[in-house]
Amino acid sequence: MTTPTTESPTGAATGRRAWLREHSELGVCVLLLALGVLVLTDALTMDVDITQRGPVGPKTVPIVVGIGLLVIAALLAVDVLRGGRGEAEGGEDVDLSEPADWRTVLLLTGIFLGSAVLIEPAGFPVAGALLFWGAAFALGSRRVDRDPLIAAVLSLLTYVVFDKLLGVPLPGGPLMGVL
């Protein structure tokens, strides 16, 4: 005759952790669910003037996106609970035994924050050029003859496309009168 075994509290916690590790994709489901609820809540509480309404108003697209996020979250959760697993990408050649390159991460963070601070007083063309050039430097490019020129052209082109062609106002800074 066998004796019944009782599971210890640490055994239950270990079993729960193992189950969560095997179903870690449920975290993505929770994220999609929360995002869908946020989008739907924001869309449904949007204050829309009665004169702006038409067959497709400003609430239509956010409602469709929110419902889509909820449906995808539910379908993914069902798939994960039925044993579906995401496949690892074969093209990645990341060596997980190597430590993170914190110098690059900190450089990129500093460059991003610096350009965010400079965008209002210096304008988008200057801050964007510093952002593009700094990111190229942080990621390993050392072509000081070419990179600043490419960064300036790319920044000016981005400014012109957004500010002049698309009508998205960006701060011009000292170049406001020139451009």
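User: What is a salt bridge, and which residue meets lysine 164 in one?

Analyst: A salt bridge is a side-chain nitrogen of Lys or Arg within 4 Å of a carboxyl oxygen of Asp or Glu. This is a predicted model. Here a nitrogen and an oxygen lie 3.3 Å apart, and the side chain that meets lysine 164 is that of aspartate 163.

User: Is aspartate 163 buried or exposed?

Analyst: The cut-off for buried is under 20% relative accessible area. Aspartate 163 has 16% relative accessibility, so aspartate 163 counts as buried.

User: How many salt bridges does the structure hold?

Analyst: One of them joins aspartate 145 and arginine 143, at 3.3 Å from N to O. Another joins arginine 146 and aspartate 147, at 3.6 Å. Lysine 164 and aspartate 163 also meet in one. The structure's count of salt bridges is three.

User: Why does aspartate 145 count as exposed, and arginine 143 as partly exposed?

Analyst: Exposed means over 50% relative accessible area, and partly exposed lies between 20% and that value. Arginine 143 has 40%, so arginine 143 counts as partly exposed. Aspartate 145 counts as exposed because its relative accessibility is 56%.

User: Which residues does aspartate 147 touch, leaving out those up to four places away in sequence?

Analyst: Aspartate 147 lies in helix H6, residues 147-165. Aspartate 147 is buried, with a relative accessible area of 8%. Its contacts, with that exclusion, are Trp133, Ala136, Ser141 and Arg142.

User: What span does helix H5 reach from its first C-alpha to its last?

Analyst: Helix H5 covers residues 124-138, which is 15 residues. At 1.5 Å a residue, 21 Å is expected. The span in the model is close to that, at 20 Å.

User: Which helices do the buried residues of H5 pack against?

Analyst: The buried residues of H5 include Phe124, Pro125, Ala127 and Gly134. They pack against helix H4 (102-122) and H6.

User: Which element gives the most to the nonpolar patch?

Analyst: The patch has an area of about 410 Å². Its residues are Leu118, Val126, Leu130, Trp133 and Val144. Val144 is found in the loop between H5 and H6. With three residues, the element that gives the most is H5.

User: What distance separates the C-alpha atoms of glycine 114 and glycine 134?

Analyst: Glycine 114 is in helix H4. Glycine 134 is one of the buried residues of H5. The two glycines are 20 residues apart along the chain, and their C-alpha atoms are separated by 10.0 Å.

How values were computed. Residues numbered from 1 in each chain as written. Predicted model: local features only at pLDDT ≥ 70, side-chain atom pairs only at ≥ 80, totals over all residues. Heavy atoms only, no water. Helix = DSSP H or I, 4+ residues; strand = E, 2+ residues; numbered from the N terminus. Contact = heavy atoms within 4.5 Å. Expected span 1.5 Å × (residues − 1). Buried < 20%, exposed > 50% of the residue type's maximum accessible area, 1.4 Å probe, protein only. Patch = residues over 30% accessible without salt bridge, like charges linked within 9 Å, V, L, I, M, F, W, Y side chains within 5 Å. Areas by Shrake-Rupley, 256 points an atom, 1.4 Å probe, with all protein chains shown as cover.
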